[in-house]
Structure formats: structure tokens, C-alpha cells
Amino acid sequence: MLSTGTGIQPPPRAIDAAASTVMASAFAGRKRVLPILEVALLIAASIAPLVLKDYITVYATRVLILCLFALSFDLVWGYAGILSLGQSLFFGMAGYGVALLSRDFGVGSIFAVLPAGTLIGLVAALLLAGFLLLGRHPSSVVFVSLGTMTGAYAADRLARGSHYLGGQNGIPSIQPMTIGSHELSEGPGFYYLVLAILVLIYLLSRFLLRSQFGLALAGLRENEQRIAFFGYKVQHLKAIIFAISGAIAGTAGSLYAFHEGFVWTNMLGVVMSTQVVLYVLFGGSGTLIGAVIGTAIIEGLSFWLSDNYRDIWPIILGGLLLLVIMFRPLGLISLVLGERERVGHFGPSLKETRNAAP
Amino acid sequence: MDTLLIATFEILSFGAIVVLVVLGLGIIASMMGIFNFAQGEFVLLGAYVTYLVHSAGLPVLLGMLAAPVAVGVLGFVLEKLVVRRFYAAPIVAMLGTYALGLIIREAVRGLTGGLYLSVPEPISGSITIGSLHFATWRGVIVIVTLLVMAASHALLAYTSFGLRVRASLENPQLARASGISTGTIYSATFAFGAALAGLAGALIVPVFSLFADLGIRFLIQGFVAVMVGGIGSFAGPVAGASVIGTFSAWLPWLISPVIADVLVFVLAIIFIKFRPQGLVSGRGVNR
């Protein structure tokens with residue numbers, strides 16, 4: 001198919017979701033890779049600070065925060081087929097927001113800043129979704145990606161030019177986050193906090209995507225028109241998932257700001273948006289664990305390679321990404337994960353309800 | 001009156017630069033349905049080739065002739081090796097060309113050491129009309145842009161190659177059935193679009209100097225311009241580029257440059273939202 005302009009749709013993802021639901025239940029007895037992978041990664045992540053050196057634990061905390069950010073992009077691109085090339089907008093806005101709260105109002109309590117960051121991400125994403133996705137005519141993927149990219153670019157430019165936001169240098173030396181009277185500085189404590197938040201949001205996303213809402217989203221990704229004909233308000237579904245993903249990116253951004261201790265314009269702009277696209281495509285979009293694995297591998301390689309091969313590392317990264325897109329469009333996760341399991345099953349288990357429900 | 005004339009000239013020459021950058025992007029997007037995210041890096045590469053030739057001690061003009069050829073050849077090779085695989089999935093094509101762009105950009109960043117490198121204008125000096133001075137090189141850019149535009153249009157509208165390109169655009173199956181090798185046509189079109197970007201890079205490098213992120217700036221501008229103008233026709237991207245280029249050059253005279261830069265994009269996005277088909281809602285090349 002070679003089409004111009006109008007016929008642009010997300011890449012076909014093989015099996016029709018509804019059909020595979022039936023198949024998945026028929027093969028439910030087979031060995032499943034996904035839960036094993038998830039549990040193994042969780043165990044590895046839980047014991048990591050005990051065996052790693054302190055400075056690596058600090059680095060690992062940053063990676064976990066970026067995993068959270070990657071999850072937010074995976075939700076919109078991997079599940080709803082919205083190519084948000086400006087995901088960093090929500091990440092960075094939340095980061096700047098909590099940095100300002102800390103600088104100008106002295107607010108550093110975790111129970112104030114995390115909800116604030118999440119809310120900033122949510123509201124920003126809702127507004128942008130309202131403009132880009134809702135309306136009389138459905139928006140093309142190219143338009144949405146261009147719109148989100150422009151949003152991130154504009155925010156970057158404005159922050160660079162704003163004296164209040166610290167211009168090029170950003171906002172330095174943010175006070176540490178506090179829980180009650182305890183100051184949370186980088187190290188194992190922060191690590192486990194982030195891990196807990198990551199696991200919580202991961203499980204919430206998993207629950208959401210395995211519900212009827214997730215089924216509608218998967219259908220939307222596969223064939224938007226068909227879902228629209230079924231009577232779903234496609235644009236509303238997209239706007240909802242976009243807002244949720246913005247909220248998650250906001251949580252990640254506020255954690256990042258407090259972990260690094262400063263915010264700067266790259267958090268808002270094209271640089272960070274690019275990073276998150278790399279993570280998710282590399283690991284495998286359309287599976288939550290793929291986003292996490294992609295982030296961990298890229299950041300891990302980056303940690304190891306950028307010391308010795310600082311100059312050519314970005315070139316290697318681009319080359320790897322190109323190879324993955326060309327030969328493994330579903331990401332590295334597709335090496336171990338079958339198509340059937342990737343699509344998964346939705347709603348209550350079909351085994352029990354097959355005879356009951358029509 | 002004098003400042004008005006000078007402002008008009010500035011706006012005209014900047015508009016010409018944007019048109020030049022967007023032309024290749026528009027041709028690839030309109031004729032092949034591929035949004036080439038590496039286009040900005042093709043511009044960068046054209047600039048880099050010019051710099052290489054200049055630093056080898058050869059005349060800059062020679063570099064400017066070499067740039068479109070080198071970038072065109074590279075475009076041809078990349079189409080054969082990579083882009084060809086993506087025709088079935090335009091979104092994946094965006095990501096794939098994005099990866100290509102990343103590789104080129106970082107390679108150039110490594111080669112230039114992340115510095116701003118300047119290339120002198122091959123034709124320096126200024127033209128004086130009455131009490132007004134115009135930079136000659138800016139004038140050359142305007143004239144070359146007009147020539148390239150006319151030549152591209154003539155190539156697509158009046159030659160047999162153009163006919164085959166248009167046939168492949170209108171109906172690939174029928175074109176193949178009529179004995180046109182659409183694969184070769186796509187390679188040639190992509191190479192042509194890349195060569196135009198290379199030429200643009202070569203011409204603008206004396207104005208902007210060479211740095212690794214040169215392409216990104218033009219990439220967003222180029223995409224916005226193509227969308228504003230309308231995909232699918234020859235006139236669309238050119239019209240969009242003229243509008244965006246004019247606004248980008250004109251607004252900084254009124255308001256602060258940072259706000260102006262952002263405002264142009266925001267206005268453009270709002271325009272596209274309410275008129276998705278763009279300024280020119282036709283398809284093909286008008287004769």
C-alpha cells in the first residue's frame with residue numbers, strides 16, 4: 001500500500017485482537033513468558049541496591065524514573081497508536097512545576113509535590129489532547145505527532161528565553177524531597193521509593209489495559225475505523241489515554257527533578273522526547289514490560305559505553321534503533337515473546353464466562 | 001521607506017531559504033507519502049560537504065556543486081537499502097528515517113567536534129542601489145531558489161520522467177502494469193528530494209554556519225510548512241513554505257524573536273487543525 005496523506009494508519013499488528021482473545025483462552029494452559037519476565041525483573045530490581053555500589057544505585061534510580069516515563073509513552077503509542085513526539089512536554093512541565101514549588105514556596109513534601117507534578121502532567125495533556133485529538137474531524141497521525149513535537153519545541157524555546165525559569169541553565173539546586181521530617185536524598189531509600197511507585201503504576205496500567213477499556217484501545221490501534229463503526233467514541237478514548245499518559249509522565253518528571261536536584265531545558269524539549277521513543281521502540285512497544293526493558297538496556301549500555309566511546313555512542317544508538325525498526329519492528333521483546341501472548345487476553349477470564357455470557 | 005525595502009528583502013531571502021529546504025521534503029511527502037524525518041540531516045550533510053571542500057582548499061562554489069550530487073547519491077543508496085522497506089507503513093517510515101537522521105546528525109557532530117564552523121560566501125560584497133545595500137549572497141539565494149523551483153516544476157510537469165513519477169503517484173498498480181518500474185521511480189524521486197536538501201544546505205551554510213543541530217531547526221519548520229501548504233501537490237508545499245518563511249522572517253521585526261519563533265508554529269498548528277487539507281487542496285502537478 002502506498003498512499004499519500006489520508007491513508008496513514010498505525011502499523012498493522014498481525015492478529016485481530018478479538019479473535020486472539022478466543023485463541024488465548026484456548027491455549028491458556030501453555031507456558032507463558034510474560035509473568036516470568038515480570039517477576040524476574042522485579043526480583044532483580046529489588047535486590048539490586050544490596051549488591052550494587054552506591055553510585056550505581058543512584059544511576060539505577062534515574063533509570064527507574066526513566067522507565068516510568070517510557071511507560072507513559074508506551075501507553076499512547078504502543079496501545080492507542082498515537083505518536084506523541086512531544087511526551088517530554090509533560091515530563092518537563094511537571095519537573096519545572098515542582099522545581100518552582102520548591103524554589104518559590106519552599107514546598108518539598110512528597111505528599112504535595114508528587115500529586116502536584118502528576119496534576120500538571122494531567123492538565124497539560126488534557127488541554128493538548130482537547131486541541132489535537134478532539135474536534136469534528138479525526139486528526140491524522142502525522143498531525144498529532146507534529147503537534148506534540150511542536151508543543152515540546154515551543155516549551156523548550158520559551159523556557160530557554162524565560163528569565164523566571166532560569167533560561168539556558170534551568171533551575172539549579174532544588175531542595176531534597178521530604179517525607180514528614182525525613183529528607184529523601186539519592187541512594188537506596190530513593191531507589192526503593194521509585195521502585196514502589198513504578199510497580200504501582202505498572203500494575204495500574206496493566207489492570208487498565210486488560211479491562212474492556214484496554215480491549216477498545218487495542219481495537220483502535222488495529223483498525224480505528226472499525227472501532228468507530230462499533231459505536232465507540234474513538235477520539236474520546238484517545239484523549240483519555242493521552243491524559244493518563246500525561247499524568248504518568250508528570251509523576252516521572254517530578255521524581256526526576258528531585259532526584260537530579262535541578263531541572264533544565266532538555267527535560268522539556270526534543271532531546272528527551274527522542275530518548276523515550278528510542279527506549280520504547282527498542283524494548284518493544286505494545287507491551288508494558290518492553291518499555292521497561294528497553295529503557296534498562298539502553299541506559300545500561302549508555303552507562304557502560306559512554307565512558308569509553310563517548311563520541312560514537314549516539315551513532316551506535318541510532319544504528320541499533322534502525323536495525324530494530326527494520327528487522328524487529330516489535331522490539332527486542334519479540335525475541336522471547338510470541339505474538340499471541342503479546343496481544344494477550346482482555347476482560348474477565350473467558351474460560352469461566354464462555355457459557356454464561358452471550 | 002528605506003528600512004521597509006531592506007526588511008522586504010530580508011523577508012524575501014529568508015522565505016527563499018525555507019522554500020528551498022521544504023521543496024525536497026514536499027516532493028518526497030507528496031509523491032511518495034513518506035514523511036522523511038532525515039530531510040533536515042540531508043540539509044546538514046549538504047552544508048558539511050561544502051565545508052569539507054572548502055577546508056580542502058578548493059573553491060566554495062565547487063563544494064556547492066558537489067553537495068547536491070553527494071547527498072543525492074546517498075539518498076539513492078539509503079532508499080535502496082532502508083527506506084524501501086517502509087512504504088507499506090508510513091508511520092514506521094517516520095521512525096526509520098528518524099533513526100537515519102540521528103545517525104547522520106551524530107556522525108557530523110563527531111566529525112565537526114560539536115563546533116560552529118563557518119564557510120565564507122563564495123560571492124561576497126553587497127549591491128548598492130541608491131542608498132540601500134543588499135548582501136549579494138542573499139540575492140543569489142533568492143535567484144537560485146526561483147530557478148530550482150521552476151526547474152523542479154518543469155521536470156515533474158513536462159518531461160517523460162515527470163510523467164512517470166506522476167503516474168506512479170496516481171496509481172502505482174496501473175503504472176506498473178503499463179511497464180513503469182515504480183521501484184526505480186521511487187529511488188530516483190527520493191534521491192532528487194535528497195539532492196534538493198543537499199543544495200539547500202550548501203547555499204545556506206555561509207548564512208547560518210555549520211553546526212550539528214542545523215537540520216533539526218529546519219525539520220520542524222519544513223514539516224509545518226508542508227502541512228500548512230497541503231500534501232499531495234507541487235504547489236502546496238511551496239505555498240506553505242512561502243507563508244511560514246515570510247512569517248518567520250517578519251514577526252521578529254514586531255515582537256521578541258523567541259515569542260515570534262513559537263508563535264509561527266502555534267499559529268500554523270491551529271491553521272492545520274481547522275483546515276487539514278492545507279492551503280492547496282489538490283493533488284498532482286498543475287501544468
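Begin by selecting B:V144, which sits in helix 5 of chain B, a helix spanning residues 136–158. The model on screen is a predicted one. Is B:V144 buried, exposed or partly exposed? With 16 other C-beta atoms within 10 Å, B:V144 is partly exposed, because a residue needs 20 or more such atoms to count as buried and 12 or fewer to count as exposed.

Keep B:V144 selected and add B:A177. These two residues are 33 positions apart along the chain, and a distance drawn between their C-alpha atoms spans 38 Å.

Next, select chain A as a whole. Colouring by secondary structure brings out 15 helices and 2 strands in chain A. Chain A has 358 residues, of which 47% count as buried. Consider then the contacts in chain A between residues at least 6 apart in sequence: 81% of these contacts join residues at least 24 apart.

Now display both chains and turn to where they meet. How many residues does each chain bring to the contact? Chain B gives 38 residues and chain A gives 38 residues. On the side of chain B that touches chain A, select helix 4 (90–112), helix 9 (214–229) and helix 11 (257–274), the elements of chain B that give two or more residues to this side. Which of them provides the largest share? Helix 4 of chain B does, with 12 residues.

Finally, colour this side of chain B by residue class. The side that touches chain A comprises 29 nonpolar, 5 polar and 4 charged residues.

Notes. Residues are numbered from 1 along each chain as its sequence is written. Chains are lettered from A and ligands numbered from 1 in the order in which they are written. This is a predicted model: local features need pLDDT of at least 70, side-chain atom pairs count only at pLDDT 80 or more; totals for chains, interfaces and linings use all residues. Helices (H or I, at least four residues) and strands (E, at least two) are DSSP runs, numbered from the N terminus. Two residues are in contact if their C-beta atoms, placed from the backbone, lie within 7 Å. Ala, Val, Leu, Ile, Met, Phe, Trp, Tyr, Cys and Pro count as nonpolar, Asp, Glu, Lys and Arg as charged, and the others, Gly among them, as polar.
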